[in-house]
Amino acid sequence: MTDRASHKPYDQPTGGWGSLKSLLKHSVQQGAVSSGVGLMRSHNKTGGYMCTSCAWAKPGKPHLAEFCENGAKATFWDLTAKRTTPEFFAKHKVSGLLNWTDHDLENEGRLTHPMRYDPGSDTYVAVSWAEAFDDIGAHLKRYSPKDVVFYTSGRAALETSYMYQLLARLYGNNNLPDSSNMCHETTSVALPQSIGTPVGTVLLEDFQETDCILSFGQNVGTNSPRLLHTLQEVRERDVPVVVFNPLRERGWEAFVNPQRPGQMLTNKATPIATQYYQPRAGSDIAVMTGMAKALFAWDDAAQAAGEARVLDDKFIAAHTHGFEAFEAMVRGTAWSDIEAACGLPRDALQAAARTYAEAKSVIAIYGMGLTQHKLGVGTVQMLINLLLMRGNMGRPGAGICPVRGHSNVQGQRTVGIAEKTELVPLDKMAERYGFAPPREDGMNTVEACEAIAAGKVSAFVGLGGNFIRAIPERDLMERKWRDLDLSVQIATKLNRTHLITARTTYLLPTLVRSEIDEQATGPQIVTMEDSTTCIHASRGKYRPASPHLLSEPAIVAGIAKAALPENPSVPWDLWVADYALIRDEIEAVFPDDFRGFNARLDLPGGFPRPVAARERIWETDTGKANFKTPSALHASFDSGSDPGVLRLITLRSNDQFNTTIYGDADRLRGIHHSRMIVMMNPKDRMRFQIAKNELVRLTAATDDGVSRSVGGLQVIDYDIPEGTIAAYYPECNPLIPLWQYAEESKTPAAKSVPVLVHREALMHDG
Ligand SMILES: Nc1nc2c(c(=O)[nH]1)N[C@H]1C(S)=C(S)[C@@H](COP(=O)(O)OP(=O)(O)OC[C@H]3O[C@@H](n4cnc5c(=O)[nH]c(N)nc54)[C@H](O)[C@@H]3O)O[C@H]1N2
Ligand SMILES: Nc1nc2c(c(=O)[nH]1)N[C@H]1C(S)=C(S)[C@@H](COP(=O)(O)OP(=O)(O)OC[C@H]3O[C@@H](n4cnc5c(=O)[nH]c(N)nc54)[C@H](O)[C@@H]3O)O[C@H]1N2
Ligand SMILES: [Mo]
């Protein structure tokens with residue numbers, strides 16, 4: 001990779017030829033065993049495998065190609081011809097590999113053998129599975145159970161996840177942090193308080209009936225491109241789409257569907273957003289307060305004139321609680337404060353509110369732009385308030401639609417991966433497996449980091465993911481990680497977490513979802529839950545990357561058998577031989593969600609779990625849908641009135657899946673050749689007397705005595721509000737203090753991090 005970035009705003013649509021070109025490039029570079037044709041046959045199709053990229057819904061009547069550029073990229077990288085073998089590890093000392101980039105590490109291809117770190121030679125050496133399990137088991141037996149952490153990244157299937165949470169509980173803790181702790185945990189905390197469900201209420205068919213879509217803080221073109229198929233259909237019915245995002249994300253602007261030959265030939269894009277607003281980072285509560293204020297004013301006028309109400313007063317009276325306090329807050333907030341907080345003028349917010357008020361049924365979509373803030377929970381609840389004002393909950397074409405990240409992140413929670421005991425049917429598990437489950441809440445991701453930093457964790461088992469790259473406070477965490485006694489990493493590709501070794505470190509390679517999972521009773525099926533609560537079966541189609549790989553259920557069982565006393569009610573080997581038996585266990589423990597599980601696996605479009613709020617049944621403390629009044633207009637950490645403090649958004653490029661970096665092209669933002677950039681409004685750049693493309697260093701604007709900094713960032717003039725800047729995750733994670741997380745959900749506040757900017761030239765000059 002070259003180190004200087006180029007930037008030329010991208011004027012092409014999302015999808016279209018640009019996406020086909022990129023897809024082809026990755027197919028060739030990875031020499032993948034799959035091809036476009038293979039993808040068309042099996043990808044996201046009933047009888048095929050489910051995409052490992054995002055969690056967006058898979059329709060019952062799939063398109064000819066039910067995949068997108070980024071799903072295809074993820075699959076080509078999974079099915080790559082490249083291999084990271086014992087010979088590779090023999091050639092490369094781990095301390096040397098620490099200088100490699102994220103891209104270069106994973107670009108070595110699939111791991112092939114179980115490996116153990118050998119401190120003497122500073123290399124990984126191959127071990128047998130039996131040896132690995134025996135030693136891991138012997139280690140685990142030595143620790144106090146509360147000192148071990150069982151992390152999951154959101155890819156593992158429902159079957160694996162169920163076994164994994166049972167392993168943790170039989171071992172003696174609820175320490176089950178999940179990637180969702182860094183992601184939609186805010187949703188999982190906010191929605192139950194407001195509407196009594198931890199998940200979204202919208203099904204794919206609601207998009208056919210909706211009259212308006214509001215979108216906040218989600219980058220559809222990159223992170224859930226298949227949703228664009230749905231949005232295109234929505235736009236063809238002339239339904240307005242109102243977008244709030246500090247950046248003008250290309251996916252929300254223009255889309256050419258690669259599956260429509262006519263559209264490909266003319267390259268005439270479907271415009272997606274009908275209104276696009278660019279608020280400051282962290283200011284969505286102010287935006288929504290402004291919209292609500294407009295609704296109240298129009299409702300007053302309508303009542304005075306004896307016309308139809310703007311608010312759904314009948315719904316509010318019959319179904320909600322807390323309206324008066326919410327109304328008082330909105331009416332009591334001055335327009336000038338709202339405008340100052342979000343940087344948008346009153347008439348812009350009124351125009352957005354007008355579109356909302358004129359639509360009968362409205363869907364609100366959101367992503368990390370709302371969840372990863374100090375007041376993320378309050379922000380999501382404010383969005384619910386807006387929907388409740390007009391009864392947009394629990395009827396067709398309306399509701400809340402959090403767009404989840406990892407392909408089974410939502411499902412893992414459903415089957416018991418949770419550190420909070422109140423979310424898990426422990427009594428049922430106690431009875432079924434004849435044991436006394438630990439009753440104390442376990443650690444989430446931030447708490448696990450705190451405990452590791454405090455030297456209180458003995459062992460960390462990671463079921464997928466790249467923990468150290470994904471979390472905040474990287475410098476401290478990399479140092480403290482070395483004090484762990486044991487690190488066990490179940491993975492498909494080499495990443496930096498594997499290179500920060502503990503006293504004993506194992507790297508256990510596993511299958512990817514598109515590979516055939518052959519067990520004693522034949523090829524196995526696994527299942528996952530999409531963003532809209534629908535459960536799908538997935539069958540691998542390709543030969544495993546190496547004969548030495550084990551499936552995730554087999555690895556979990558291997559560790560469990562070595563670490564735990566025998567328990568006849570938990571027949572690990574039988575479960576691994578036939579995953580249908582695990583599904584029976586899931587059904588027995590979660591009967592409402594999984595009734596008839598094995599029989600309903602292949603329902604086209606998946607089978608939806610019941611969500612009470614869809615029926616206007618509110619499983620909340622009040623038995624009603626709760627209006628929740630936000631505590632402030634701005635959701636980020638207070639940076640005072642110092643104009644030198646900027647709010648940094650850390651986000652994804654179009655060429656990465658989280659910490660897996662496919663390349664350095666962020667095509668949809670027109671940024672190429674380097675990820676070490678910071679997007680800045682030219683007015684800010686000039687205010688700080690920074691030259692175009694100059695290199696700068698960012699430091700966290702904190703006064704806790706810790707210095708947090710990232711240098712070598714090239715400033716790029718960008719269409720972004722003044723005072724807000726943006727740069728890539730994971731490069732900028734060292735800037736995020738561990739204590740800057742969302743209140744209540746503890747989701748790290750990765751959007752609107754308060755930072756200072758320094759010119760590198762000046763720093764060198766002295
Ligand atoms: N190809 C690909 N697909 C992915 C992923 C990937 O890395 N690559 N990751 C997966 C995962 S785990 C997840 S969680 C999702 C993430 O998908 P997204 O939720 O889209 O997450 P980000 O890329 O972090 O982008 C957040 C968006 O919010 C905007 N934003 C930032 N701050 C604010 C704010 O204060 N207010 C508003 N209104 N907007 C704001 C940013 O400009 C950006 O457009 O995608 C999933 N899908
Ligand atoms: N600053 C900042 N930080 C963030 C975010 C942000 O927006 N900004 N986003 C946060 C979010 S939303 C998330 S979800 C986290 C992501 O955190 P993680 O989920 O921990 O990270 P990933 O990058 O998805 O993990 C990639 C690794 O998973 C392994 N892997 C891939 N497929 C499989 C598989 O099928 N099985 C197994 N066992 N392993 C597999 C590979 O070895 C690969 O290297 O990061 C969070 N961190
Ligand atoms: Mo995520």
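In this predicted model, the area buried between domain 2 and domain 4 is about 1,900 Å² (accessible area, 1.4 Å probe, lost by two parts on being put together and summed over both), with carbon and sulfur atoms giving 53% of that area. On the domain 2 side, Val446, Pro472 and Glu473 lose the most area to domain 4, and together they account for 29% of what that side buries. Local features require pLDDT of at least 70 and side-chain atom pairs pLDDT 80 or more, whereas totals for chains, interfaces and linings use all residues. Residues are numbered from 1 along each chain as its sequence is written, and side-chain values use heavy atoms, with hydrogens and water left out.

Domain 2 comprises residues 83-183 + 407-604 and domain 4 residues 645-759, the bounds coming from an automatic or database domain assignment. The centres of the two domains, taken over C-alpha atoms, are separated by 31 Å, and 20 residues of domain 2 are in contact with 20 residues of domain 4 (heavy atoms within 4.5 Å).

Two salt bridges are counted between domain 2 and domain 4 (a side-chain nitrogen of Lys or Arg within 4 Å of a carboxyl oxygen of Asp or Glu). Arg708 forms a salt bridge with Glu473, in which the closest N and O atoms are 2.5 Å apart. Among the elements that give two or more residues to the side of domain 2 touching domain 4 are α6 (102-106) and α22 (445-453), helices being DSSP runs of H or I with at least four residues; α22 gives the most, with four residues.

How values were computed. Chains are lettered from A and ligands numbered from 1 in the order in which they are written.
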